[in-house]
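Good morning, everyone, and thank you for making room for me today. I would like to walk slowly through one protein chain, stopping at a few residues and asking of each where it sits and what it touches.

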Amino acid sequence: MIRLETPLKEEDIRKLKAGDTVSLSGIVYTARDAAHKRICQAIDQDQPTPFDIEGQAIYYVGPSPTKPGEIIGSAGPTTSYRMDDLTLPLLEKGLRIMIGKGKRNQVVIDGMKKYGAVYLVAIGGAGAYLSNRIKSSEVIAYDDLGAEAVRKIRVEDMMLTVCIDSKGNNLYDNIKAID
């Protein structure tokens, strides 16, 4: 198991290999497609983004409503391909980790190789477990998006798997090769 803490440096990301198990701690930002659209608009218009993207991790999640006494609701990963058309501008700004579930397109994979990023997968259907790894949560942008607002979360030992590394090695391709 490899322990990572945000923010991340490109050289640390480039050491990761598809199939590695990662324990991630530190600040992670949440964003889904509606928030990605707004972040990309800010980048296109040379406006400030909700957070400095360089060295950061984004978790594709829209948590369920928070129950009284809880930090966050169930926080399972969203299908990542929904962000594929909106990912390259963030990679260009230094995004290092994307967390979600499912496949990514070739444009995203090529961007990961060029800019030094990885795609980590979380277990789909394990939202309650994953929410226990989240130790704080605060909406920092786009509150009008509800569950899709950008949150700054602090995670401790969030267990993830490197699905696509910065060289383009892809666990989904490896699985197909075994069949």
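Let me begin with Tyr 142, which is found in the loop between strands β6 (134-141) and β7 (150-164). Please keep in mind throughout that this is a predicted model. Tyr 142 has a positive phi of about 60 degrees, although it is not a glycine. That deserves a remark, because most residues other than glycine have a negative phi.

A second residue with this feature is Asp 157, whose phi is near 50 degrees, again a positive value in a residue other than glycine. Asp 157 lies in strand β7, and with a relative accessible area of 31% it is partly exposed.

While we are on backbone geometry, which peptide bond is cis, with omega near -5 degrees? It is the bond from Thr 6 to Pro 7, and Pro 7 has its place in the loop between β1 (2-5) and α1 (10-14). As a general reminder, most peptide bonds are trans.

Asp 157 also leads us to a partner, since its side chain and that of Ser 23 are joined by a polar contact of 2.8 Å. Ser 23 is found in strand β2, which covers residues 21-30. Is Ser 23 buried or exposed? Its relative accessibility is 2%, so it counts as buried, the limit for that word being under 20%. Leaving aside residues up to four places away in sequence, Ser 23 touches Met 1, Ile 2, Arg 3 and Leu 4, and also Asp 157, Met 158 and Met 159.

Now let me return to Tyr 142 from another direction, by way of Ile 39 in helix α2 (residues 33-44). Ile 39 is buried, with a relative accessible area of 0%. If we again set aside residues up to four places away in sequence, the residues that Ile 39 touches include Thr 49, Pro 50, Phe 51 and Ile 53, and further along the chain Leu 90, Tyr 142 and Val 150. For a sense of scale, Ile 39 and Gln 56 are 17 residues apart in sequence and 14 Å apart in space, taken from C-alpha to C-alpha.

Let us turn next to the strands. Strand β4 runs over residues 97-100, and both of its faces are covered: Ile 97 and Ile 99 on one side, and Met 98 and Gly 100 on the other, are all buried. It helps to recall that in a regular strand the side chains alternate between the two faces of the sheet.

Which strands pair with β4? Strand β3 (residues 57-59) is joined to β4 by three bridges, and the two run parallel, with Ile 58 standing opposite Met 98. Strand β5 (residues 118-121) also pairs with β4 in the parallel sense, over four bridges, and here Gly 100 stands opposite Val 121. To get from β4 to β5 the chain crosses through helix α4 (residues 106-115), and this β-α-β crossover is right-handed.

My last topic is charge. Side chains of opposite charge can pair when their charged atoms come close, and in this model the count comes to nine salt bridges. One of them joins the side chains of Arg 14 and Glu 10, at 2.9 Å from N to O. Because these two residues are four apart in helix α1, they are separated by about one helical turn. Arg 14 is partly exposed at 25% relative accessible area, and Glu 10 is partly exposed at 30%.

Another salt bridge brings together the side chains of Asp 144 and Arg 38, at 2.7 Å from N to O. This pair links distant parts of the chain, 106 residues apart, with Asp 144 in the loop between β6 and β7 and Arg 38 in helix α2. Asp 144 counts as exposed at 57%, whereas Arg 38 is partly exposed at 27%.

A further example is Asp 84 with Arg 104, whose closest N and O atoms are 2.6 Å apart. Asp 84 sits in the loop between β3 and α3 (88-92) and Arg 104 in the loop between β4 and α4, 20 residues apart. Are these two residues buried or exposed? Asp 84 is buried, and Arg 104 is buried as well. Finally, salt bridges that share partners join Glu 10, Arg 14, Glu 54 and Arg 96 into one network.

Thank you for listening.

Note on methods:
Residues numbered from 1 in each chain as written. Predicted model: local features only at pLDDT ≥ 70, side-chain atom pairs only at ≥ 80, totals over all residues. Heavy atoms only, no water. Buried < 20%, exposed > 50% of the residue type's maximum accessible area, 1.4 Å probe, protein only. Contact = heavy atoms within 4.5 Å. Polar contact = N/O pair within 3.5 Å; in protein donor to acceptor, adjacent residues only side chain to side chain. Pairing = 2+ DSSP bridges. Right-handed = clockwise from strand over helix to strand, strands pointing away. Salt bridge = Lys/Arg side-chain N within 4 Å of Asp/Glu carboxyl O.
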